[in-house]
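Subject: Handing over the structure

Hello,

Here is the structure I promised to pass on to you. Have a look at it first, and then read on for what turned up in it.

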Amino acid sequence: MSRYSKDWNNIACAIKQKADWKCSQCGADFKNKSSRGSCLQVHHWNRIPEDNRPENLVALCNICHLKYHRGGKSNILIGQLSLNL
């Protein structure tokens with residue numbers, strides 16, 4: 001997490017709130033979701049963790065986030081993604 005800003009948790013929470021706690025890709029709703037193994041994460045479109053401009057950030061469920069990274073569109077290895085189980 002060294003490339004992330006010290007206030008990353010606050011930034012990520014604000015992005016999730018702005019998305020109404022829904023995945024921007026598939027629409028999964030996390031407002032009342034308690035199922036183990038699913039969580040809402042924040043993705044950097046340009047793959048630069050230091051770039052926290054709102055237009056560079058999007059809320060994605062862990063499944064959509066992993067699909068994006070598996071598609072070879074990232075500089076982060078799959079194992080580096082936090083699933084927050």
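Let me begin with a charged pair: Asp29 and Lys31 form a salt bridge, with their closest N and O atoms 3.9 Å apart. Please keep in mind throughout that this is a predicted model. Asp29 has a relative accessibility of 35%, so it counts as partly exposed. Lys31 is partly exposed too, with a relative accessible area of 42%.

A second pair is made by Lys22 and Asp20, whose salt bridge has its closest N and O atoms 4.0 Å apart. Lys22 is partly exposed because its relative accessibility is 31%, and Asp20, at 36%, is also counted as partly exposed. You may want to look at the backbone of Asp20 as well: this residue follows helix α1 and has a positive phi, near 60°.

Then there is the salt bridge between the side chains of Arg53 and Glu55, at 2.9 Å from N to O. With 42% relative accessibility, Arg53 counts as partly exposed, whereas Glu55 is exposed, at 55% relative accessible area. As for the first two pairs, Asp20, Lys22, Asp29 and Lys31 are joined into one network by salt bridges that share partners. The search of the whole structure finds 6 salt bridges.

Now to the helix. Which residues of α1 are buried? In this helix, which covers residues 8-18, they are Trp8, Ile11, Ala12, Ile15 and Lys16. Looking down the axis of α1, you will see these buried residues within an arc of 135°, so they line one face of the helix. Asn9, Asn10 and Lys18 are exposed on the other side of α1.

What do the buried residues of α1 pack against? Their partners are the strands β1 (40-44) and β2 (57-61). These two strands pair with each other in the antiparallel sense, over 5 bridges. One place to see the pairing is His44, which has Leu57 in β2 as its bridge partner.

Strand β2 deserves a moment of its own. Of its 5 residues, 5 are buried, so β2 is largely enclosed by the rest of the structure. Leu57, Ala59 and Cys61 point one way from the strand, while Val58 and Leu60 point the other way, and all of them are buried.

That brings me to the inside of the model. In soluble globular proteins, nonpolar side chains tend to be buried together. Here, the largest nonpolar core has 14 residues, and those with the most contacts inside it are Trp8, Cys23, Val42 and Leu57. The elements that give two or more residues to this core are α1, β1 and β2, and β2 gives the most, with 5 residues.

If you would like one residue to start from, try Val42. Leaving aside neighbours within four places in sequence, Val42 is in contact with Trp8, Ala12, Ile15 and Lys16, and also with Leu57, Val58 and His65. Among these contacts, Trp8, Ala12, Ile15 and Lys16 are buried residues of α1, and Leu57 and Val58 are buried residues that point opposite ways from β2.

Enjoy exploring the model!

Best wishes

Key: Residues are numbered from 1 along each chain as its sequence is written. This is a predicted model: local features need pLDDT of at least 70, side-chain atom pairs count only at pLDDT 80 or more; totals for chains, interfaces and linings use all residues. Side-chain values use heavy atoms; hydrogens and water are left out. Buried means under 20% relative accessible area, exposed over 50%, partly exposed in between (1.4 Å probe, protein chains only). Helices (H or I, at least four residues) and strands (E, at least two) are DSSP runs, numbered from the N terminus. The arc is that of the directions from the helix axis to the C-beta atoms. Contact means heavy atoms within 4.5 Å. Two strands pair if DSSP finds at least two bridges between them. A nonpolar core is a set of buried Ala, Val, Leu, Ile, Met, Phe, Trp, Tyr and Cys residues joined through side-chain atoms within 4.5 Å.
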